[in-house]
Protein chains: 2
Amino acid sequence: MSIPRNTKAKQAVLHEISSSDFALSQPEIFERVKGACDRVTVYRVLDRLVMENKIHKIVNVDGTINYARCTSCDESHTHAHDHLHFSCITCKKIECLEEQLIHVKLPDTYQIKELFLTISGTCPSCQAT
Amino acid sequence: MSIPRNTKAKQAVLHEISSSDFALSQPEIFERVKGACDRVTVYRVLDRLVMENKIHKIVNVDGTINYARCTSCDESHTHAHDHLHFSCITCKKIECLEEQLIHVKLPDTYQIKELFLTISGTCPSCQAT
DNA sequence: TGCAAAACGCAACAATGTTGCATTAAATGA
DNA sequence: TCATTTAATGCAACATTGTTGCGTTTTGCA
(Lines give C-alpha, C1' and ligand atoms only; values in the text may rest on other atoms or scores of the structure.)
Protein backbone atom coordinates (compact mmCIF):
# COMPACT_ATOMS: atom_id res chain seq x y z
CA MET A 1 0.00 0.00 0.00
CA SER A 2 1.30 3.42 -0.93
CA ILE A 3 2.14 6.19 1.48
CA PRO A 4 -0.32 9.08 1.24
CA ARG A 5 1.08 12.57 0.78
CA ASN A 6 -0.22 15.81 2.14
CA THR A 7 -0.57 17.95 -0.96
CA LYS A 8 -1.98 21.41 -1.50
CA ALA A 9 -5.00 20.06 -3.35
CA LYS A 10 -5.75 17.60 -0.59
CA GLN A 11 -5.51 20.30 2.06
CA ALA A 12 -7.79 22.61 0.10
CA VAL A 13 -10.45 19.94 -0.49
CA LEU A 14 -10.36 18.72 3.09
CA HIS A 15 -10.56 22.29 4.37
CA GLU A 16 -13.71 23.02 2.36
CA ILE A 17 -15.38 19.83 3.51
CA SER A 18 -14.36 20.43 7.12
CA SER A 19 -15.53 24.02 7.24
CA SER A 20 -18.92 23.23 5.71
CA ASP A 21 -21.71 22.28 8.09
CA PHE A 22 -23.34 20.07 5.47
CA ALA A 23 -22.26 17.54 2.86
CA LEU A 24 -20.85 18.91 -0.41
CA SER A 25 -20.96 17.50 -3.93
CA GLN A 26 -17.92 17.29 -6.20
CA PRO A 27 -19.02 20.35 -8.26
CA GLU A 28 -19.55 22.35 -5.06
CA ILE A 29 -16.13 21.39 -3.78
CA PHE A 30 -14.47 22.21 -7.09
CA GLU A 31 -16.23 25.57 -7.09
CA ARG A 32 -14.93 26.37 -3.60
CA VAL A 33 -11.31 25.40 -4.17
CA LYS A 34 -11.41 27.20 -7.54
CA GLY A 35 -7.96 27.62 -8.95
CA ALA A 36 -6.24 25.47 -6.34
CA CYS A 37 -6.31 22.43 -8.57
CA ASP A 38 -7.78 20.71 -11.59
CA ARG A 39 -11.27 19.20 -11.76
CA VAL A 40 -9.82 15.71 -12.16
CA THR A 41 -7.64 16.20 -9.09
CA VAL A 42 -10.73 16.88 -6.99
CA TYR A 43 -12.12 13.48 -8.01
CA ARG A 44 -8.85 11.75 -7.21
CA VAL A 45 -8.41 13.55 -3.90
CA LEU A 46 -11.97 12.68 -2.87
CA ASP A 47 -11.38 9.01 -3.65
CA ARG A 48 -8.21 9.03 -1.62
CA LEU A 49 -9.78 10.82 1.32
CA VAL A 50 -12.61 8.27 1.36
CA MET A 51 -10.08 5.41 1.32
CA GLU A 52 -8.15 7.02 4.16
CA ASN A 53 -11.41 7.31 6.13
CA LYS A 54 -11.00 11.06 6.45
CA ILE A 55 -14.33 11.78 4.77
CA HIS A 56 -17.31 9.71 3.81
CA LYS A 57 -19.50 9.44 0.79
CA ILE A 58 -23.23 10.03 1.01
CA VAL A 59 -25.73 9.33 -1.73
CA ASN A 60 -28.69 11.66 -1.59
CA VAL A 61 -32.30 10.65 -2.30
CA ASP A 62 -31.94 12.04 -5.83
CA GLY A 63 -28.78 10.03 -6.53
CA THR A 64 -26.32 12.89 -6.21
CA ILE A 65 -23.17 12.06 -4.32
CA ASN A 66 -21.96 14.21 -1.47
CA TYR A 67 -18.97 14.18 0.83
CA ALA A 68 -18.78 15.00 4.51
CA ARG A 69 -16.20 14.92 7.26
CA CYS A 70 -16.27 11.97 9.59
CA THR A 71 -16.78 13.57 12.94
CA SER A 72 -17.60 10.86 15.44
CA CYS A 73 -15.28 8.23 14.08
CA ASP A 74 -11.51 8.49 14.14
CA GLU A 75 -9.41 7.78 11.09
CA SER A 76 -7.94 4.53 12.26
CA HIS A 77 -10.99 2.34 11.82
CA THR A 78 -13.18 1.59 8.86
CA HIS A 79 -16.13 3.87 8.73
CA ALA A 80 -19.30 2.32 10.08
CA HIS A 81 -22.09 2.93 7.63
CA ASP A 82 -24.87 2.43 10.04
CA HIS A 83 -26.01 5.91 10.81
CA LEU A 84 -28.58 8.22 9.35
CA HIS A 85 -28.38 11.01 6.82
CA PHE A 86 -30.94 13.77 6.82
CA SER A 87 -31.46 15.54 3.52
CA CYS A 88 -33.36 18.83 3.65
CA ILE A 89 -35.66 19.41 0.69
CA THR A 90 -35.53 23.16 1.22
CA CYS A 91 -31.87 24.06 1.70
CA LYS A 92 -30.57 20.86 0.06
CA LYS A 93 -28.11 20.34 2.86
CA ILE A 94 -27.26 16.90 4.11
CA GLU A 95 -26.47 16.26 7.73
CA CYS A 96 -25.21 13.15 9.42
CA LEU A 97 -27.15 12.21 12.51
CA GLU A 98 -24.54 9.89 13.88
CA GLU A 99 -26.14 9.34 17.23
CA GLN A 100 -29.12 7.69 15.54
CA LEU A 101 -27.88 4.19 14.84
CA ILE A 102 -30.00 1.87 12.78
CA HIS A 103 -30.76 -1.71 13.55
CA VAL A 104 -32.69 -3.71 11.01
CA LYS A 105 -33.62 -7.34 11.36
CA LEU A 106 -33.76 -9.20 8.06
CA PRO A 107 -34.24 -12.92 7.36
CA ASP A 108 -30.99 -14.82 7.86
CA THR A 109 -30.81 -15.45 4.12
CA TYR A 110 -29.81 -11.84 3.61
CA GLN A 111 -26.25 -10.92 4.58
CA ILE A 112 -26.02 -7.24 5.39
CA LYS A 113 -22.80 -5.48 4.47
CA GLU A 114 -23.75 -1.84 4.49
CA LEU A 115 -26.72 0.09 5.75
CA PHE A 116 -27.72 3.18 4.00
CA LEU A 117 -30.53 5.37 5.29
CA THR A 118 -31.34 8.81 4.02
CA ILE A 119 -34.39 10.67 5.19
CA SER A 120 -35.58 13.67 3.29
CA GLY A 121 -37.74 16.40 4.71
CA THR A 122 -37.35 19.79 6.34
CA CYS A 123 -34.48 20.47 8.70
CA PRO A 124 -34.82 22.57 11.89
CA SER A 125 -33.42 25.76 10.35
CA CYS A 126 -35.78 25.59 7.35
CA GLN A 127 -38.97 25.16 9.34
CA ALA A 128 -41.46 27.90 8.49
CA THR A 129 -43.09 28.64 11.79
CA MET B 1 -53.38 18.36 -15.88
CA SER B 2 -52.92 16.50 -19.15
CA ILE B 3 -54.48 13.16 -20.00
CA PRO B 4 -51.88 10.37 -20.18
CA ARG B 5 -51.84 8.20 -23.31
CA ASN B 6 -51.06 4.56 -23.60
CA THR B 7 -48.33 4.57 -26.21
CA LYS B 8 -46.20 1.78 -27.62
CA ALA B 9 -43.09 3.08 -25.90
CA LYS B 10 -44.85 3.27 -22.57
CA GLN B 11 -46.19 -0.26 -22.92
CA ALA B 12 -42.77 -1.61 -23.84
CA VAL B 13 -41.01 0.11 -20.92
CA LEU B 14 -43.67 -0.91 -18.43
CA HIS B 15 -43.58 -4.48 -19.71
CA GLU B 16 -39.82 -4.77 -19.18
CA ILE B 17 -40.03 -3.35 -15.68
CA SER B 18 -42.99 -5.59 -14.84
CA SER B 19 -41.42 -8.78 -16.11
CA SER B 20 -38.15 -8.20 -14.28
CA ASP B 21 -37.85 -9.54 -10.76
CA PHE B 22 -35.46 -6.77 -9.79
CA ALA B 23 -35.11 -3.03 -10.34
CA LEU B 24 -33.72 -1.90 -13.69
CA SER B 25 -31.67 1.15 -14.63
CA GLN B 26 -32.42 3.38 -17.60
CA PRO B 27 -29.61 1.84 -19.71
CA GLU B 28 -30.88 -1.66 -18.90
CA ILE B 29 -34.42 -0.70 -19.85
CA PHE B 30 -33.29 0.93 -23.09
CA GLU B 31 -31.28 -2.18 -23.93
CA ARG B 32 -34.32 -4.39 -23.40
CA VAL B 33 -36.79 -2.35 -25.42
CA LYS B 34 -34.15 -1.92 -28.13
CA GLY B 35 -35.64 -0.55 -31.29
CA ALA B 36 -39.03 0.16 -29.78
CA CYS B 37 -38.19 3.78 -29.12
CA ASP B 38 -35.51 6.41 -28.72
CA ARG B 39 -33.21 6.77 -25.73
CA VAL B 40 -34.75 10.11 -24.83
CA THR B 41 -38.23 8.61 -24.92
CA VAL B 42 -37.23 6.07 -22.28
CA TYR B 43 -36.28 8.93 -19.95
CA ARG B 44 -39.55 10.70 -20.60
CA VAL B 45 -41.65 7.57 -20.24
CA LEU B 46 -39.93 6.72 -16.96
CA ASP B 47 -40.65 10.19 -15.58
CA ARG B 48 -44.27 9.88 -16.58
CA LEU B 49 -44.67 6.41 -15.10
CA VAL B 50 -43.20 7.64 -11.81
CA MET B 51 -45.65 10.56 -11.79
CA GLU B 52 -48.53 8.22 -12.50
CA ASN B 53 -47.38 6.03 -9.58
CA LYS B 54 -47.05 3.02 -11.86
CA ILE B 55 -43.39 2.50 -11.02
CA HIS B 56 -41.05 3.86 -8.41
CA LYS B 57 -37.57 5.21 -8.43
CA ILE B 58 -34.87 3.62 -6.32
CA VAL B 59 -31.43 5.09 -5.73
CA ASN B 60 -28.81 2.43 -5.16
CA VAL B 61 -25.95 2.73 -2.65
CA ASP B 62 -23.64 3.77 -5.49
CA GLY B 63 -25.99 6.52 -6.69
CA THR B 64 -27.30 4.70 -9.75
CA ILE B 65 -31.02 5.07 -10.29
CA ASN B 66 -33.25 2.08 -10.82
CA TYR B 67 -36.93 1.59 -11.51
CA ALA B 68 -39.28 -1.05 -10.22
CA ARG B 69 -42.95 -1.87 -10.40
CA CYS B 70 -45.07 -0.90 -7.43
CA THR B 71 -46.47 -4.22 -6.34
CA SER B 72 -48.07 -3.73 -2.96
CA CYS B 73 -49.51 -0.30 -3.61
CA ASP B 74 -52.23 0.46 -6.11
CA GLU B 75 -51.94 3.31 -8.55
CA SER B 76 -54.54 5.53 -6.96
CA HIS B 77 -52.53 6.67 -3.99
CA THR B 78 -49.19 8.36 -3.65
CA HIS B 79 -46.44 5.83 -3.18
CA ALA B 80 -45.34 5.44 0.40
CA HIS B 81 -41.57 5.55 0.49
CA ASP B 82 -41.18 3.89 3.80
CA HIS B 83 -40.01 0.45 2.89
CA LEU B 84 -36.65 -1.15 2.42
CA HIS B 85 -34.54 -1.81 -0.63
CA PHE B 86 -32.01 -4.59 -0.66
CA SER B 87 -29.14 -4.19 -3.06
CA CYS B 88 -27.07 -7.30 -3.72
CA ILE B 89 -23.35 -6.64 -4.16
CA THR B 90 -22.93 -9.85 -6.14
CA CYS B 91 -25.72 -9.91 -8.72
CA LYS B 92 -26.37 -6.14 -8.53
CA LYS B 93 -30.09 -6.73 -8.32
CA ILE B 94 -32.30 -4.55 -6.19
CA GLU B 95 -35.33 -5.95 -4.45
CA CYS B 96 -38.05 -4.17 -2.54
CA LEU B 97 -38.78 -5.73 0.81
CA GLU B 98 -42.12 -4.07 1.23
CA GLU B 99 -43.19 -5.99 4.28
CA GLN B 100 -40.30 -4.46 6.25
CA LEU B 101 -41.61 -1.03 7.16
CA ILE B 102 -39.29 1.41 8.80
CA HIS B 103 -40.07 3.58 11.75
CA VAL B 104 -37.54 6.15 12.81
CA LYS B 105 -37.96 8.57 15.67
CA LEU B 106 -36.26 11.90 15.10
CA PRO B 107 -36.37 15.09 17.16
CA ASP B 108 -39.57 17.05 16.44
CA THR B 109 -37.52 19.76 14.77
CA TYR B 110 -37.04 17.46 11.78
CA GLN B 111 -40.05 17.01 9.52
CA ILE B 112 -39.82 13.71 7.68
CA LYS B 113 -41.17 13.63 4.16
CA GLU B 114 -39.58 10.57 2.67
CA LEU B 115 -37.70 7.64 4.10
CA PHE B 116 -35.11 6.03 2.03
CA LEU B 117 -33.31 2.91 3.19
CA THR B 118 -31.09 0.77 1.05
CA ILE B 119 -29.14 -2.10 2.48
CA SER B 120 -26.36 -3.63 0.49
CA GLY B 121 -25.07 -7.13 0.99
CA THR B 122 -25.60 -10.61 -0.39
CA CYS B 123 -29.06 -11.78 -1.35
CA PRO B 124 -30.34 -15.33 -0.72
CA SER B 125 -29.68 -16.58 -4.26
CA CYS B 126 -26.09 -15.32 -4.24
CA GLN B 127 -25.09 -16.94 -0.97
CA ALA B 128 -22.12 -19.23 -1.48
CA THR B 129 -22.94 -22.21 0.72
C1' DT C 1 20.12 17.75 -1.72
C1' DG C 2 18.92 13.87 -4.62
C1' DC C 3 15.77 10.21 -5.54
C1' DA C 4 11.54 7.26 -5.99
C1' DA C 5 6.96 7.39 -6.61
C1' DA C 6 2.76 9.82 -5.32
C1' DA C 7 0.14 13.30 -7.11
C1' DC C 8 -0.88 16.56 -10.68
C1' DG C 9 -2.49 18.87 -15.19
C1' DC C 10 -4.15 18.34 -19.52
C1' DA C 11 -6.51 16.28 -23.20
C1' DA C 12 -9.58 13.10 -24.68
C1' DC C 13 -13.22 10.12 -23.93
C1' DA C 14 -17.50 7.88 -21.91
C1' DA C 15 -21.81 7.67 -19.65
C1' DT C 16 -25.90 9.78 -18.28
C1' DG C 17 -29.30 13.08 -18.49
C1' DT C 18 -31.68 17.49 -20.64
C1' DT C 19 -33.83 20.74 -24.05
C1' DG C 20 -35.92 22.58 -28.35
C1' DC C 21 -38.49 21.79 -32.18
C1' DA C 22 -40.67 19.77 -36.05
C1' DT C 23 -43.30 15.48 -36.78
C1' DT C 24 -46.18 11.52 -35.46
C1' DA C 25 -49.85 9.19 -33.42
C1' DA C 26 -53.27 8.35 -29.61
C1' DA C 27 -57.91 9.36 -27.79
C1' DT C 28 -62.29 11.56 -28.34
C1' DG C 29 -66.34 13.20 -30.45
C1' DA C 30 -68.89 14.14 -34.74
C1' DT D 1 -64.84 5.92 -39.82
C1' DC D 2 -62.73 10.28 -40.05
C1' DA D 3 -61.15 14.79 -38.36
C1' DT D 4 -59.29 17.25 -34.65
C1' DT D 5 -56.55 18.12 -30.64
C1' DT D 6 -52.50 17.69 -28.24
C1' DA D 7 -49.75 14.15 -25.91
C1' DA D 8 -45.87 11.82 -27.17
C1' DT D 9 -41.99 10.87 -30.19
C1' DG D 10 -37.45 11.28 -32.78
C1' DC D 11 -33.56 13.64 -33.70
C1' DA D 12 -29.91 16.74 -32.99
C1' DA D 13 -27.43 19.29 -29.99
C1' DC D 14 -25.90 20.29 -25.59
C1' DA D 15 -24.79 19.87 -20.38
C1' DT D 16 -23.07 17.48 -16.52
C1' DT D 17 -20.54 14.15 -14.22
C1' DG D 18 -17.08 10.96 -13.99
C1' DT D 19 -12.87 8.19 -16.08
C1' DT D 20 -8.33 7.14 -18.31
C1' DG D 21 -3.65 7.71 -20.20
C1' DC D 22 0.48 9.95 -20.10
C1' DG D 23 4.10 13.15 -19.51
C1' DT D 24 5.44 16.42 -15.80
C1' DT D 25 5.68 18.18 -11.13
C1' DT D 26 6.13 17.82 -6.25
C1' DT D 27 6.33 15.50 -1.84
C1' DG D 28 8.53 12.91 1.79
C1' DC D 29 12.49 10.66 3.11
C1' DA D 30 17.17 8.97 3.14
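Trainee: How far is a phosphate oxygen of DNA strand C from an N or O atom in the side chain of Thr7(A)?

Mentor: The distance is 2.9 Å. Please keep in mind that this is a predicted model.

Trainee: And what is the distance from a phosphate oxygen of that strand to the side chain of Arg48(A)?

Mentor: For Arg48(A), an N or O atom of the side chain lies 2.4 Å from a phosphate oxygen of DNA strand C.

Trainee: Which side chain has an N or O atom at 2.9 Å from a base oxygen of DNA strand C?

Mentor: That side chain belongs to Arg39(B). As for the elements involved, helix H3 (39–51) of chain A, helix H2 (26–32) of chain B and helix H3 (39–51) of chain B give two or more residues each to the surface near DNA strand C.

Trainee: Which element has the largest share of that surface near DNA strand C?

Mentor: H3(A) has the largest share, with five residues.

Trainee: Which residues come nearest to DNA strand C?

Mentor: There are 22 residues around DNA strand C, and the nearest are Arg5(A), Thr41(A), Arg44(A), Arg48(A) and Asn6(B). Of the strand's atoms that come within 4 Å of the protein, 60% belong to sugar and phosphate.

Trainee: How do the residues of the surface near DNA strand C divide by class?

Mentor: They comprise 10 nonpolar, five polar and seven charged residues.

Trainee: Let us turn to the other strand. Which residues come nearest to DNA strand D?

Mentor: Arg5(A), Arg5(B), Thr41(B), Arg44(B) and Arg48(B) come nearest, out of 22 residues around DNA strand D. Sugar and phosphate make up 60% of the atoms of DNA strand D that lie within 4 Å of the protein.

Trainee: Which element gives the most to the surface near DNA strand D?

Mentor: H3(B) gives the most, with five residues. At least two residues of this surface come from each of helix H2 (26–32) of chain A, H3 of chain A and H3 of chain B. By class, the surface near DNA strand D holds 10 nonpolar, five polar and seven charged residues.

Trainee: What about individual atoms of DNA strand D: how far is a base oxygen from the side chain of Arg39(A)?

Mentor: An N or O atom in the side chain of Arg39(A) is 2.9 Å from a base oxygen of DNA strand D. Arg44(A) places a polar side-chain atom 3.5 Å from a base oxygen of this strand. With Asn6(A), a polar backbone atom is involved, at 3.1 Å from a phosphate oxygen of DNA strand D.

Trainee: Now the two protein chains. What rotation superposes chain A on chain B?

Mentor: A rotation of 179 degrees, with 0.0 Å of shift along its axis, superposes them with an RMSD of 0.1 Å. That is the relation of a two-fold axis. The same surface serves both copies, since 100% of the contact residues of chain A recur in chain B.

Trainee: How many residues are in contact, and how much area do chain A and chain B bury?

Mentor: The contact involves 33 residues of chain A and 33 residues of chain B. Between them the chains bury about 2,600 Å², with 62% of that area on carbon and sulfur atoms. Within chain A, the residues that lose the most area to chain B are Tyr110(A), Gln111(A) and Phe116(A), which together account for 21% of what that side buries.

Trainee: How many salt bridges and polar contacts are there between chain A and chain B?

Mentor: The rule finds zero salt bridges across this interface. The count of residue pairs in polar contact is four. On the side of chain A that touches chain B, S6(A) gives the most, with 12 residues. That side divides into 18 nonpolar, 10 polar and five charged residues.

Trainee: Then how many salt bridges does the whole structure have?

Mentor: The search finds four over all chains. One of them joins Glu52(A) and Lys10(A), whose closest N and O atoms are 3.0 Å apart. Glu52(A) lies in the loop between H3 and strand S2 (55–59) of chain A, and Lys10(A) in helix H1 (residues 8–19) of chain A, so the pair ties together parts that are 42 residues apart in sequence.

Technical notes: Residues are numbered from 1 along each chain as its sequence is written. Chains are lettered from A and ligands numbered from 1 in the order in which they are written. This is a predicted model: local features need pLDDT of at least 70, side-chain atom pairs count only at pLDDT 80 or more; totals for chains, interfaces and linings use all residues. Side-chain values use heavy atoms; hydrogens and water are left out. Copies are superposed by least squares on the C-alpha atoms of residues with pLDDT of at least 70 in both. Contact means heavy atoms within 4.5 Å. A residue is near a molecule or strand if one of its heavy atoms lies within 4 Å of it. A polar contact is a pair of N or O atoms within 3.5 Å; within protein, one must be able to donate a hydrogen and the other to accept it, and residues adjacent in sequence count only if both atoms are side-chain atoms. Helices (H or I, at least four residues) and strands (E, at least two) are DSSP runs, numbered from the N terminus. Ala, Val, Leu, Ile, Met, Phe, Trp, Tyr, Cys and Pro count as nonpolar, Asp, Glu, Lys and Arg as charged, and the others, Gly among them, as polar. Buried area is the accessible area (1.4 Å probe) that two parts lose on being put together, summed over both. A salt bridge is a side-chain nitrogen of Lys or Arg within 4 Å of a carboxyl oxygen of Asp or Glu.
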